[in-house]
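User: Could you take a look at this one with me? I'd like to go through how it's put together, one question at a time.

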Amino acid sequence: MDTTKTPAPNAAEADTQVDLDKSETTQDAAAEADADLAAATDADDAVLSDADLDDEIEDRADAEQPSHVGSAAFAIVSAGLSVVALSGSWVAGIVSERASIAARLELSQAADANAQIAAQFVDPWHTTAMVNGVFSALALIIATFVLALPAFSNPERTLPTWVRSVSWAGIGLGALGVLLFVLMYFDLLLAIPKAAA
């Protein structure tokens, strides 16, 4: 029987072996963490680049499609002018009062009843019709301009549906206002009252 003893490992050598094992384990874990971090960064870059690509596509689409702010504003203005022309405006009221006062000042004391009727009612009536006719004509011109603008600037450009609808409303109301102007101004709608002889 061999009684030789194996020398006990030196404590310093054993500690070195343990430290080496720990160092290798730590390096392996660090390498795996770095690999995971690199993979996550690549995935984030891919997602980020897709998001950037989507933003760039949207920016190009916005640049290609012009904004219709001006057309929309003019369409709303035309519809508003049409409504003002049909319902009457303070401008028409002021001008009508001025025409009435001017006609009364021109009357002589010996003016007959028909001249007084003309001064007090007919002249203001015609002046009101004139002002409302001007508003209606402006509304009609602006709405027609809005609808015709794409044909002159870019035939492929189309206006949004609501802008076209408001423009058509402006055209319809403006045409109605112009018709009423003609009927009122030339006394076709209501006959001028006449005093008995």
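What follows is a set of questions and answers on this predicted model.

User: Let's get the layout first. How many helices and how many strands are there, and what pattern do they follow along the sequence?

Analyst: The protein has five helices and zero strands. With nothing but helices to string together, reading along the sequence gives α-α-α-α-α.

User: And what share of the residues is buried?

Analyst: The protein has 197 residues, and a residue counts as buried when its relative accessible area is under 20%. By that cut-off, the buried share is 22%.

User: What share of the contacts with a separation of 6 or more comes from residues 24 or more positions apart?

Analyst: Take the contacts in the protein with a separation of 6 or more as the pool. Pairs 24 or more positions apart account for a share of 83%.

User: Now the packing. How do α2 and α4 run relative to each other, roughly parallel or roughly antiparallel?

Analyst: Helix α2 covers residues 69–87 and helix α4 covers residues 113–153; their axes sit 8 Å apart, at an angle of about 155°. Angles over 145 degrees count as roughly antiparallel. So α2 against α4 is roughly antiparallel.

User: Which hand does that crossing of α2 and α4 have, and how many charged residues are in the contact?

Analyst: The crossing of α2 and α4 is left-handed. On the α2 side, the residues involved include F74, V77 and L81, and they meet a set in α4 that includes F135, L138 and I142. By class, the contact has 13 nonpolar and five polar residues, and the number of charged ones is zero: there are no charged residues.

User: What about α4 and α5: roughly parallel or roughly antiparallel, and how many charged residues are in their contact?

Analyst: α4 and α5 pack with axes 7 Å apart and an angle of about 155°, so α4 is roughly antiparallel to α5. α4 passes α5 in a left-handed crossing. Their contact has 17 nonpolar and eight polar residues, and the charged count is one.

User: S78 is a serine in α2. Is S78 buried or exposed?

Analyst: S78 touches A139, I142, A143 and G170, leaving out residues up to four places away in sequence. Its relative accessibility comes to 0%, which is why S78 counts as buried.

User: Which helix gives the most to the largest nonpolar core?

Analyst: That core has seven residues: L81, A85, A92, V131, F135, A139 and I142. Both α2 and α4 supply at least two residues of this core. The top contributor, with four residues, is α4.

User: There's another core apart from that one. How many residues does it have?

Analyst: Its members include A75, V146, L159 and V163. Counted in full, this other core has five residues.

User: Back to V131, then. Which residues is V131 in contact with, leaving aside neighbours within four places in sequence?

Analyst: V131 is one of the residues of the largest nonpolar core, and A92 is in that core as well. With the sequence neighbours set aside, the contacts of V131 are V91, A92 and V95.

User: Last one. T158 is in the loop between α4 and α5; is T158 buried or exposed?

Analyst: T158 and L147 are eleven residues apart in sequence, with their C-alpha atoms 9.5 Å apart in space. As for accessibility, exposed means over 50%. T158 has a relative accessibility of 54%, so T158 counts as exposed.

Definitions and conventions:
Residues are numbered from 1 along each chain as its sequence is written. This is a predicted model: local features need pLDDT of at least 70, side-chain atom pairs count only at pLDDT 80 or more; totals for chains, interfaces and linings use all residues. Side-chain values use heavy atoms; hydrogens and water are left out. Axes are lines fitted to C-alpha atoms, for helices over the stretch in contact, and angles run from 0 to 180 degrees between N-to-C directions. Angles under 35 degrees count as roughly parallel, over 145 as roughly antiparallel, 65 to 115 as roughly perpendicular and the rest as oblique. A crossing is left-handed if the near helix is turned anticlockwise from the far one by less than a right angle, and right-handed if clockwise. Contact means heavy atoms within 4.5 Å. Ala, Val, Leu, Ile, Met, Phe, Trp, Tyr, Cys and Pro count as nonpolar, Asp, Glu, Lys and Arg as charged, and the others, Gly among them, as polar. Buried means under 20% relative accessible area, exposed over 50%, partly exposed in between (1.4 Å probe, protein chains only). A nonpolar core is a set of buried Ala, Val, Leu, Ile, Met, Phe, Trp, Tyr and Cys residues joined through side-chain atoms within 4.5 Å.
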